[in-house]
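Open the structure in your viewer and keep the selection tool ready. This tour goes from the whole chain to single side chains.

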Amino acid sequence: GVHRQVLFASLGCFVGYQLVKRTEYVYAKVDRELLEYIRHHPVDFHASADKKRIGQLLEDFHPVR
């Protein structure tokens with residue numbers, strides 16, 4: 001009956017919440033490890049001098065009429 005639907009809905013919310021929490025934890029852990037690796041190996045991740053801005057990548061706008 002209705003009590004079973006409420007039970008499964010609340011169970012689904014709880015399981016979904018735990019899965020989202022676990023996913024965010026895994027992503028945060030990977031980000032932390034990646035940033036630590038970049039901090040220890042700055043030679044591999046140097047900023048390029050010829051970096052273009054977004055205005056240089058887009059074509060000039062010419063109105064049709």
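## A guided tour

**Stop 1: the whole chain.** Show everything as a cartoon. This is a predicted model. How many helices and strands does the protein have? Look for two helices; the count of strands is zero. Now turn the C-alpha trace around. Along its principal axes the trace spans about 65 × 55 × 10 Å. The radius of gyration is 24 Å, whereas a compact globule of 65 residues would have one near 11 Å.

**Stop 2: the surface.** Switch to a surface view. The protein has an accessible surface of about 7,000 Å². Carbon and sulfur atoms account for 63% of that area. What share of the 65 residues is buried? The answer is 0%.

**Stop 3: a nonpolar patch.** Select L7, F8, L11, F14, V15 and L19. Together they make a nonpolar surface patch of about 620 Å². Then pick out L7 alone. L7 sits in helix α1. Is L7 buried or exposed? L7 counts as exposed because its relative accessibility is 51%, and the cut-off for exposed is over 50%.

**Stop 4: D31 and a long look across.** Stay on helix α1 and select D31, which is part of that helix. D31 is partly exposed, at a relative accessible area of 45%. Next, add P63 to the selection. D31 and P63 are 32 residues apart along the chain. Draw a distance between their C-alpha atoms: the separation is 44 Å.

**Stop 5: the salt bridge.** Side chains of opposite charge can pair when their charged atoms come close. The structure holds one salt bridge. Select R39 and E36 and show their side chains. These two form a salt bridge, with 2.7 Å between the closest N and O atoms. Where do the partners sit along the helix? Both belong to helix α1, which covers residues 2–40. R39 and E36 are three residues apart, so about one helical turn separates them. Check how open each partner is. R39 counts as exposed, at 56% relative accessibility. E36 counts as partly exposed, at 34%.

**Stop 6: the aromatic pair.** A search of the whole structure finds one aromatic pair. Select Y37 and F45 to see its rings. How far apart are the ring centres of Y37 and F45? The centres lie 6.1 Å apart. Now rotate until you can compare the ring planes. They stand at 85 degrees, so the pair is edge-to-face; the cut-off for that label is over 60 degrees. Y37 is partly exposed, with a relative accessible area of 41%. F45 is partly exposed too, and its relative accessible area is 41%.

**Last view.** Zoom back out to the full chain. Keep R39 and E36 shown for the salt bridge, and Y37 and F45 for the edge-to-face rings. Add L7, F8, L11, F14, V15 and L19 to bring back the nonpolar patch.

Conventions. Residues are numbered from 1 along each chain as its sequence is written. This is a predicted model: local features need pLDDT of at least 70, side-chain atom pairs count only at pLDDT 80 or more; totals for chains, interfaces and linings use all residues. Side-chain values use heavy atoms; hydrogens and water are left out. A salt bridge is a side-chain nitrogen of Lys or Arg within 4 Å of a carboxyl oxygen of Asp or Glu. Helices (H or I, at least four residues) and strands (E, at least two) are DSSP runs, numbered from the N terminus. Buried means under 20% relative accessible area, exposed over 50%, partly exposed in between (1.4 Å probe, protein chains only). Patches are made of residues with over 30% relative accessible area and no salt bridge: like charges are joined within 9 Å, nonpolar side chains (Val, Leu, Ile, Met, Phe, Trp, Tyr) within 5 Å. Accessible areas come from the Shrake-Rupley method with a 1.4 Å probe; for residues, only the protein chains shown count as cover. Rings of Phe, Tyr and Trp (its six-membered ring) pair if their centres lie within 6.5 Å; planes under 30 degrees apart count as stacked, over 60 as edge-to-face and the rest as tilted. The radius of gyration is taken over C-alpha atoms; the globule rule is 2.2 Å times the number of residues to the power 0.38.
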